[in-house]
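User: I am in my first year and would like a close look at one part of this structure, the place where two helices pack against each other. Please take me through it step by step.

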Amino acid sequence: MIGLVLDNTSTPFVLTLLVSVATAIGVLGMLPYLWAAYANIALFVLYRPFYYTAVSDYAAKVFGFHTFGKVYGLIICLAGILNFFQSALDALTHKRFDGDPLPVNLLLLVVALIVGVALVGFVWYKSRKLGRDRLEDEAEGATESLMPEPNGEMASGHR
């Protein structure tokens with residue numbers, strides 16, 4: 001199922017879907033209702049494999065298979081390094097906000113949304129520009145061919 005989505009949709013669409021679902025997970029995680037907690041868990045269970053597959057697919061498409069291992073390793077390494085901030089966020093939650101995780105979760109949601117929208121916008125712009133550049137290259141390399149007249153003779157270009 002994940003492969004069908006990745007193979008049959010554009011990269012900007014996939015990234016938009018990832019950002020949208022991640023935002024929904026963040027919002028559901030802040031709601032104080034049991035149904036929201038169940039919806040959050042269900043959505044996260046579906047999101048996680050899609051996320052990791054999409055990240056590796058994106059890395060392969062953008063950077064190629066030759067450097068895939070280095071790029072994907074760098075992505076996972078950066079995620080691990082950023083995970084060190086979890087202790088600081090826990091301390092902030094417990095000391096500054098008296099155990100209320102809502103302000104920290106809201107901060108993380110806003111930052112993730114801003115970074116996600118910026119990434120989607122950048123990838124959309126670049127993919128559109130790349131498509132335009134390819135079209136222009138194809139047009140420049142095309143040969144002119146004359147259209148036949150209704151009587152079957154080739155048009156002379158003059159009337």
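Analyst: What follows is a walk through one helix pair, and then through some residues in and around it. Please keep in mind that this is a predicted model, and that the values below are computed from it.

Two packed helices are described by the angle between their axes and the distance between the axes. The pair to look at here is helix H2, which covers residues 11–30, and helix H3, which covers residues 34–63. Their axes come within 9 Å and cross at roughly 150 degrees. Angles over 145 degrees count as roughly antiparallel, and H2 and H3 are therefore roughly antiparallel to each other. The crossing in which H2 passes H3 is left-handed.

On the H2 side, the residues that meet H3 include Val14, Leu18, Val21, Ile25 and Leu28, while on the H3 side the partners include Trp35, Leu43, Phe44, Tyr47, Tyr51 and Lys61. Sorted by kind, the residues of this contact divide into 19 nonpolar, three polar and one charged.

Lys61, one of the H3 residues in that contact, also takes part in a salt bridge with Asp57, in which the closest N and O atoms are 3.0 Å apart. Side chains of opposite charge can pair when their charged atoms come close. Both Asp57 and Lys61 belong to helix H3, where they sit four residues apart, about one turn of the helix. The structure holds one salt bridge. Lys61 has a relative accessible area of 44%, and because values between 20% and 50% count as partly exposed, Lys61 is described as partly exposed.

Returning to H2, it is worth looking at Val19, which is placed in that helix. With 18% relative accessibility, Val19 counts as buried, since the cut-off for buried is under 20%. Leaving out residues up to four places away in sequence, Val19 touches Leu113, Gly116, Val117 and Val120. Val19 and Leu113 are 94 residues apart in sequence, yet their C-alpha atoms are 6.9 Å apart in space. Leu113 lies within the range of helix H6, residues 102–141, so the contacts of Val19 lead from H2 to a later part of the chain.

To sum up, H2 and H3 run roughly antiparallel, with a contact that counts 19 nonpolar residues, while Val19 in H2 is in touch with Leu113 and other residues far along the sequence.

Note on methods: Residues numbered from 1 in each chain as written. Predicted model: local features only at pLDDT ≥ 70, side-chain atom pairs only at ≥ 80, totals over all residues. Heavy atoms only, no water. Salt bridge = Lys/Arg side-chain N within 4 Å of Asp/Glu carboxyl O. Helix = DSSP H or I, 4+ residues; strand = E, 2+ residues; numbered from the N terminus. Buried < 20%, exposed > 50% of the residue type's maximum accessible area, 1.4 Å probe, protein only. Axes fitted to C-alpha atoms, helices over the stretch in contact; angles between N-to-C directions. Parallel < 35°, antiparallel > 145°, perpendicular 65-115°, else oblique. Left-handed = near helix turned anticlockwise from the far one by under 90°. Contact = heavy atoms within 4.5 Å. Nonpolar A, V, L, I, M, F, W, Y, C, P; charged D, E, K, R; others polar.
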